[in-house]
Amino acid sequence: MSKPKKIILRAFKVENNDPNYGKSPILNLLGTKLENSQMAEERRILLNQDDPNEESDLIADFDVSRKDVFIFGTMIRVMASKGTPNLPDDLFNQKKIPFNNLSKLELKEKFIYKSHFYFATDGNFLIVNLPSNRTITAFQAYINEYLKAERKKHLFEFTPLIVATPDTKVSNIKTIKFRDSEVRLPAKENTSVSQSSFRAKVKNFKEELLRELLGDAPDFDKILEEDLVSAELLIKFASKKTDDPQKYLGAILKPIADTDNIEIKTNSGGTIKGSTLQKTKEVEISITESDMISEPELFQAMETFLNELNN
């Protein structure tokens with residue numbers, strides 16, 4: 001039998017910013033819509049309507065048998081095929097696309113599978129096995145777009161759940177330093193600022209600053225081209241009105257992909273890396289003979305984690 005695979009589960013808080021709800025309505029709205037969906041194509045959402053590659057996200061498989069308390073699902077990202085192993089067109093006419101079936105597909109046409117991850121929610125928290133170098137913002141954007149008609153003005157928001165320790169109290173934080181971190185903004189309605197334009201502005205600011213400081217250097221263009229100089233952003237905490245680390249650190253951590261490039265200095269002289277701030281849990285999941293993880297085991301581990309967070 002194959003050796004069990006270690007998987008890191010990441011925890012997020014499902015924010016409830018609407019006083020009309022006692023808790024987030026995500027279970028009812030998402031569970032009902034998934035249950036009533038007839039084809040996977042109904043759940044496929046393009047990342048950009050003008051993208052010739054038709055890169056899309058969709059909830060491919062799901063379990064809503066207990067949608068009043070838990071929802072489990074599989075997210076996959078696909079794009080238009082260019083002569084590589086791909087997904088047949090009629091695949092999206094099925095109600096569900098179990099991930100284990102993707103490895104059995106033959107060469108046909110239209111779409112290719114890019115990546116996937118699993119998720120689970122109980123309405124209070126969200127658990128994913130999303131890699132640590134990917135933010136939750138794309139999934140958040142997908143959920144808000146998929147449930148646009150059902151949620152009306154309610155925007156779902158998932159914030160990294162912060163490990164609460166004496167060191168992470170806001171009153172004990174002196175500075176937060178960002179070193180060449182990639183910031184990925186969540187998609188927002190009625191905004192003209194795109195993710196790519198924001199990244200460009202950050203990059204241009206760095207280059208303009210370096211040009212002012214090093215513009216006379218004979219190898220300045222090479223310094224820029226080879227990225228020999230890094231840029232850092234330092235935030236100093238002058239006033240601490242609350243000690244709630246979830247409110248402040250969760251918001252700071254959310255759009256940062258490379259959290260190892262976040263460094264927190266405490267008033268006691270300690271250093272905390274951004275990657276250690278988020279609540280996570282390592283689990284071991286059995287692997288089948290065909291090198292696939294046991295999905296029932298993974299979902300039960302996610303359920304256990306959700307129960308622990310609520311106790």
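Lys 254 is buried in this predicted model, because the relative accessible area of this residue is 9% and a residue counts as buried under 20%. The side chain of Lys 254 takes part in a salt bridge with Glu 157, in which the closest N and O atoms are 3.8 Å apart. The pair links distant parts of the chain, since Glu 157 belongs to the loop between α3 and β7 (158-160) while Lys 254 belongs to the loop between α6 and β10, 97 residues apart. Glu 157, with a relative accessibility of 28%, counts as partly exposed, so this salt bridge joins a partly exposed residue to a buried one.

Other salt bridges also connect distant parts of the chain, and the count for the protein comes to ten. In one of them, the side chains of Lys 33 and Glu 150 meet at 3.3 Å, N to O. Here Lys 33 lies in helix α1 (residues 26-36) and Glu 150 in helix α3 (residues 148-151), with their positions 117 residues apart in the numbering. Both partners are partly exposed, Lys 33 at 25% relative accessibility and Glu 150 with a relative accessible area of 31%.

Another salt bridge is formed by Glu 303 and Arg 66, whose closest N and O atoms are 2.9 Å apart. This pair likewise links distant parts of the chain, for Glu 303 is in helix α7 (residues 295-310) and Arg 66 is in the loop between β3 (56-63) and β4, 237 residues apart. Glu 303 counts as buried at 18% relative accessibility, whereas Arg 66, at 34%, counts as partly exposed. Salt bridges can also share partners, and in this way Glu 55, Asp 57, Arg 77 and Lys 114 are joined into one network.

With these pairs in mind, the reader can turn to the structure as a whole. The protein has seven helices and twelve strands, and buried residues make up 41% of its 311 residues. Of the contacts with a separation of 6 or more, 71% are between residues that stand 24 or more positions apart.

Two of the helices show how burial can be read along an element. In helix α2 (residues 137-146), seven of the ten residues are buried, so this helix is largely enclosed by the rest of the structure. The buried residues of α2 are Thr 137, Phe 139, Gln 140, Tyr 142, Ile 143, Asn 144 and Tyr 146. In α6 (245-253), the buried residues are Pro 245, Gln 246, Leu 249, Gly 250 and Leu 253. These residues of α6 cover an arc of only 105° around the axis, which means that they lie on the same side of the helix.

Both helices return when one looks for empty space inside the protein. Rolling a probe the size of a water molecule over the atoms shows where such space is left. Two cavities of 30 Å³ or more are counted, and the largest holds about 80 Å³ of space. Among the residues that line the largest cavity are Asp 57, Arg 77, Ala 138 and Phe 139; Asp 57 and Arg 77 also belong to the salt-bridge network, and Phe 139 is one of the buried residues of α2. At least two residues of this lining come from each of β4 (71-80), β5 (111-121) and α2. By class, the lining of the largest cavity divides into six nonpolar, three polar and three charged residues.

The second largest cavity has a volume of about 30 Å³, and Ile 176, Leu 249, Ile 252, Leu 253, Ile 262, Ile 264 and Leu 277 line it. Its lining has seven nonpolar residues, with no polar and no charged ones. α6 and β10 (262-266) each supply at least two of these residues, and α6 gives the most, with three. Leu 249 and Leu 253, which belong to this lining, are also among the buried residues of α6.

Finally, the backbone deserves a look at two places. Most residues other than glycine have a negative phi. Glu 54, however, has a positive phi of about 50° although it is not a glycine. Glu 54 sits in the loop between β2 (45-46) and β3, where it counts as partly exposed at 23% relative accessibility. Lys 152, which is not a glycine either, has a positive phi of about 55°. Lys 152 is found in the loop between α3 and β7 and counts as exposed, because its relative accessibility is 66%.

Methods: Residues are numbered from 1 along each chain as its sequence is written. This is a predicted model: local features need pLDDT of at least 70, side-chain atom pairs count only at pLDDT 80 or more; totals for chains, interfaces and linings use all residues. Side-chain values use heavy atoms; hydrogens and water are left out. Buried means under 20% relative accessible area, exposed over 50%, partly exposed in between (1.4 Å probe, protein chains only). Helices (H or I, at least four residues) and strands (E, at least two) are DSSP runs, numbered from the N terminus. On a 1 Å grid over the protein atoms alone, a cavity is a set of points where a 1.4 Å probe fits but cannot get out, and a pocket is an open set with protein on both sides within 12 Å along at least five of seven lines; lining residues have an atom within 4 Å of a point. Grid points are joined across faces, edges and corners, and a volume is the space filled by probe spheres set on the points. Ala, Val, Leu, Ile, Met, Phe, Trp, Tyr, Cys and Pro count as nonpolar, Asp, Glu, Lys and Arg as charged, and the others, Gly among them, as polar. A salt bridge is a side-chain nitrogen of Lys or Arg within 4 Å of a carboxyl oxygen of Asp or Glu. The arc is that of the directions from the helix axis to the C-beta atoms. Contact means heavy atoms within 4.5 Å.
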